[in-house]
Amino acid sequence: MKLGHSLESEELFEPAFLGWLKLYKSPPTRKPSTYGSYIDTYNTHFAAFFGQMPLYAITQDVVQDYYQKKQLNGARADGKTGGLSAKTIRNHHMLLKDFFSYAQKKYKLAENPTLETNRPEVVSKEMRVLSPDEMKIFIGEVMRETQRIAILTDLFIGLRVGELLALDISDVDLERQTITVNKNLIRVKTVAISLNNPNIKILDYDPEKKTHLVVQSTPKTKSSNREIAISDGLCELLVRHIFTMAHSSWPNPNNLLFPSRAGTYIDPKSFEIRLKAVSKRCEIKKVNPHALRHTFATRLVEEQTPLNIVQGILGHSSMETTRKYLHKNEDVERGAIETMSSYLDIEKLTAAPRLNGAKKRSKFAGIVLPAFSAQAVGNSK
């Protein structure tokens, strides 16, 4: 002991925190995107305030002072003036709390300095939901977009944007009339990427680039792996879309359901920009992928769809237990999806003749979708 504290606790925050982050919060323990966000938090916020302080000197008062100052002037990543949001400060608190819990044993700290601190109350903001009338206007404007089928799919089955853009054609099952969600497309900082991680595919890897698009083999949570029933109307649009691609000059070496014109994965940010452009043209504010997801869920709830079915379709982790019963409610789930069909007027959306089909649930069974080249794009890993 020295001056009332252990020798171990004289370790500086920077090496201690970054070492803990690398050992416990990096892939494959955590997803690259999560690890990248932790690194950003350190570089943008923790480094200047705590970085060169010895651990024993970081008391409850010091941590409280950090929260107070961040509320007033947060040094926001977006460059705007003002303090950080209550949610962001809460996230900082949870990360610090987790680290100091570890540091108590590792560096023989007397206590966890985060435990008795106060943070601003987090108030959940109301999510943007399109009204039925806005949906009709929005859909009409979407038909002018090159990626119209991708946008309509997002609206009519409520996928996360990374899940949507990671889909390949083999994920569409015409026999069961479903889409399987088992991967996610994200952009992460290069420093957060592990080349040996078997659960990711790095697109066009270049160590000099600051960020990379990465395809994760598993989506956001375990419950995100799911099979979603799709309506007759959406299934028909997807079939037409796939055959249209097959007879076009668009390359598609990765067999993607929604490739870019160059045949590559669409960057989630680019997809959001296109949605923003559609939103501006039809004068409907704040339409983004998350707004489409919430709109989908809201329409289902309005149609009296059981909440556990809705959350199961969306793949929320909080419904992990209730999802076990979805196998007994396939008709309810399919009926829930079909409630969206009234908004999807095929005759107006396409002038092409309708496909033949007799049985409702096997309307597209037997159709052999065109195969695309399996050649890799660029230097994909």
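**Close-up 1. Strand 2 meets strand 6 in this predicted model.** Four bridges join the two strands. Strand 2 and strand 6 run antiparallel. One of the pairs to look for is T180 with E227: the latter, in strand 6, is the bridge partner of T180. Strand 6 covers residues 226-229. Strands of a sheet pair through backbone hydrogen bonds, either parallel or antiparallel.

**Close-up 2. Strand 1 and strand 2 form a hairpin.** Strand 1 spans residues 172-173, and strand 2 spans residues 178-181. Two bridges join them, and the strands run antiparallel. V172 stands opposite I179 in strand 2. Four residues lie between the strands. Which residue of this hairpin takes a positive phi? Q177 does, with a value near 55°.

**Close-up 3. R226 in strand 6 reaches E163.** R226 belongs to strand 6. Is R226 buried or exposed? Its relative accessibility is 4%, so R226 counts as buried; the cut-off for buried is under 20%. The side chain of R226 makes a polar contact with the side chain of E163. The distance is 2.9 Å.

**Close-up 4. Three strands make an open sheet.** The strand order is 3-5-4, and the pairing is antiparallel. Strand 3 (184-189) and strand 4 (200-202) are the edge strands, because each pairs on one side only. From one strand to the next, the twist averages 35°.

**Close-up 5. Strand 4 pairs with strand 5.** Strand 5 holds residues 211-216. How many bridges join strand 4 to strand 5? There are three, and the two strands run antiparallel. I200 stands opposite Q216 in strand 5.

**Close-up 6. Helix 2 lies across the strands of the open sheet.** This helix covers residues 32-50. Strand 3, strand 4 and strand 5 are the strands that helix 2 crosses. Helix 2 runs at about 30° to strand 3.

**Close-up 7. F156 sits in helix 6 among contacts from elsewhere in the sequence.** Helix 6 covers residues 148-157. With 3% relative accessibility, F156 counts as buried. Which residues does F156 touch, leaving out those up to four places away in sequence? They are I139, L234, F296, M340, Y343 and L344. F156 and L234 are 78 residues apart in sequence. In space, their C-alpha atoms are 7.6 Å apart.

Definitions and conventions
Residues numbered from 1 in each chain as written. Predicted model: local features only at pLDDT ≥ 70, side-chain atom pairs only at ≥ 80, totals over all residues. Heavy atoms only, no water. Axes fitted to C-alpha atoms, helices over the stretch in contact; angles between N-to-C directions. Contact = heavy atoms within 4.5 Å. Buried < 20%, exposed > 50% of the residue type's maximum accessible area, 1.4 Å probe, protein only. Polar contact = N/O pair within 3.5 Å; in protein donor to acceptor, adjacent residues only side chain to side chain.
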